[in-house]
Amino acid sequence: MNFLEERIKRDGVVKPGNVLRVDSFLNHQMDIALLEQIGQEFYRRFADKPITKVLTIETSGIAIAYPVAKAFGVPLVFAKKAKSVNISGDVYTAEVESFTQGKINRVMVSKQYLTKEDRVLIIDDFLANGSALQGLIYIAEIAGATVEGLGIAIEKGFQDGGWRIRNLGYQLESLAIVESMNADTGEITFKEQ
Ligand code: 5GP
């Protein structure tokens with residue numbers, strides 16, 4: 001087991017509805033040393049790519065993306081959930097279905113912060129059905145930027161987001177891939193990588 005799998009096994013809480021709670025170290029209280037380690041691991045995995053920007057989605061993606069952007073020495077841009085239906089023409093938008101809230105959010109990135117010169121590394125905390133990543137890929141594409149790869153802290157391998165994204169031909173790196181989890185027993189197993 002790697003460092004993240006060990007931590008998930010120790011402190012992750014399995015909830016009904018295929019939800020894994022990692023509030024004690026990633027999603028509410030944050031273990032900064034662990035986040036730094038995650039940043040270094042993504043840096044190692046994508047070190048050969050000419051990354052100019054890290055792209056994520058608010059809110060929980062930001063904490064994971066921050067140490068990655070720091071390791072690459074590049075800016076971090078996060079897609080914001082659009083609050084108003086009147087969105088100006090200065091932004092790229094995409095619709096993302098929230099797995100945990102079960103609703104559609106329109107997310108946006110200012111055209112100022114993503115251009116066709118950018119080589120983007122997309123980062124998020126979880127991968128379930130792939131809607132968040134597909135929205136971010138779409139935004140990068142309409143900006144004319146190049147998606148160099150995608151990094152996920154925790155992929156739920158029993159949902160089909162990972163399959164979808166890899167099928168599109170992207171390099172997708174997940175630090176932990178949950179193979180199964182049981183809300184009754186709390187047991188979590190990981191796919192060997
Ligand atoms: P997807 O778009 O791949 O269906 O879901 C990914 C997004 O939903 C992530 O940005 C993450 O915030 C949230 N998410 C999905 N599954 C889980 C989960 O099991 N636990 C937590 N904490 N967040 C999740």
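**Exercise 1. Contacts of N105**

Task: In this predicted model, determine which residues N105 is in contact with, leaving aside its neighbours within four places in sequence.

Solution. Step 1: Contact requires heavy atoms within 4.5 Å. Step 2: Under this criterion, N105 is in contact with K81, A94, E95, V96 and S98. Step 3: The residue itself belongs to strand β6, which covers residues 104-110.

**Exercise 2. Accessibility of N105**

Task: Establish whether N105 is buried or exposed.

Solution. Step 1: The relative accessible area of N105 is 12%. Step 2: A residue counts as buried under 20%. Step 3: N105 is therefore classed as buried, because its value of 12% falls under that limit.

**Exercise 3. The surroundings of I122**

Task: Locate I122 and describe what surrounds it.

Solution. Step 1: I122 is placed in strand β7. Step 2: Its relative accessible area is 0%, so I122 is buried. Step 3: Not counting residues up to four places away in sequence, I122 touches L55, L133, L136, I137, V147, G149, L150 and G151. Step 4: A94, one of the contacts of N105, stands 28 residues from I122 along the chain, and the C-alpha atoms of I122 and A94 are 15 Å apart.

**Exercise 4. The ligand site**

Task: Describe where the ligand sits and which parts of the protein surround it.

Solution. Step 1: The ligand occupies the largest pocket. Step 2: There are 17 residues around the ligand, and L20, D124, N129, G130 and A132 come nearest. Step 3: At least two residues of the shell are supplied by each of β2 (19-21), β7 (119-127) and α5 (131-142). Step 4: β7 gives the largest share, four residues.

Step 5: Consider the polar atoms. A nitrogen atom of the ligand lies 2.7 Å from a polar backbone atom of L20. An oxygen atom of the ligand is 2.8 Å from a polar backbone atom of A128. For D125, an N or O atom in the side chain is 3.4 Å from an oxygen atom of the ligand. Step 6: Of the 500 Å² that the ligand exposes when taken alone, the protein buries 91%.

**Exercise 5. Backbone exceptions**

Task: Explain why N18 and the bond joining E58 and T59 deserve attention.

Solution. Step 1: Most residues other than glycine have a negative phi, and most peptide bonds are trans. Step 2: N18 is not a glycine, yet its phi is positive, about 60°. Step 3: N18 lies in the loop between β1 (13-15) and β2, and with a relative accessible area of 37% it is partly exposed. Step 4: The peptide bond joining E58 and T59 is cis, with omega about 0°. Step 5: T59 is placed in the loop between β3 (53-57) and α4 (60-72).

Conventions: Residues numbered from 1 in each chain as written. Predicted model: local features only at pLDDT ≥ 70, side-chain atom pairs only at ≥ 80, totals over all residues. Heavy atoms only, no water. Buried < 20%, exposed > 50% of the residue type's maximum accessible area, 1.4 Å probe, protein only. Near = heavy atom within 4 Å. Polar contact = N/O pair within 3.5 Å; in protein donor to acceptor, adjacent residues only side chain to side chain. Areas by Shrake-Rupley, 256 points an atom, 1.4 Å probe, with all protein chains shown as cover. 1 Å grid on protein atoms, 1.4 Å probe; cavity = no way out; pocket = protein on both sides within 12 Å on 5 of 7 lines; lining within 4 Å. Sits in = over half its atoms within 2 Å of the grid points.
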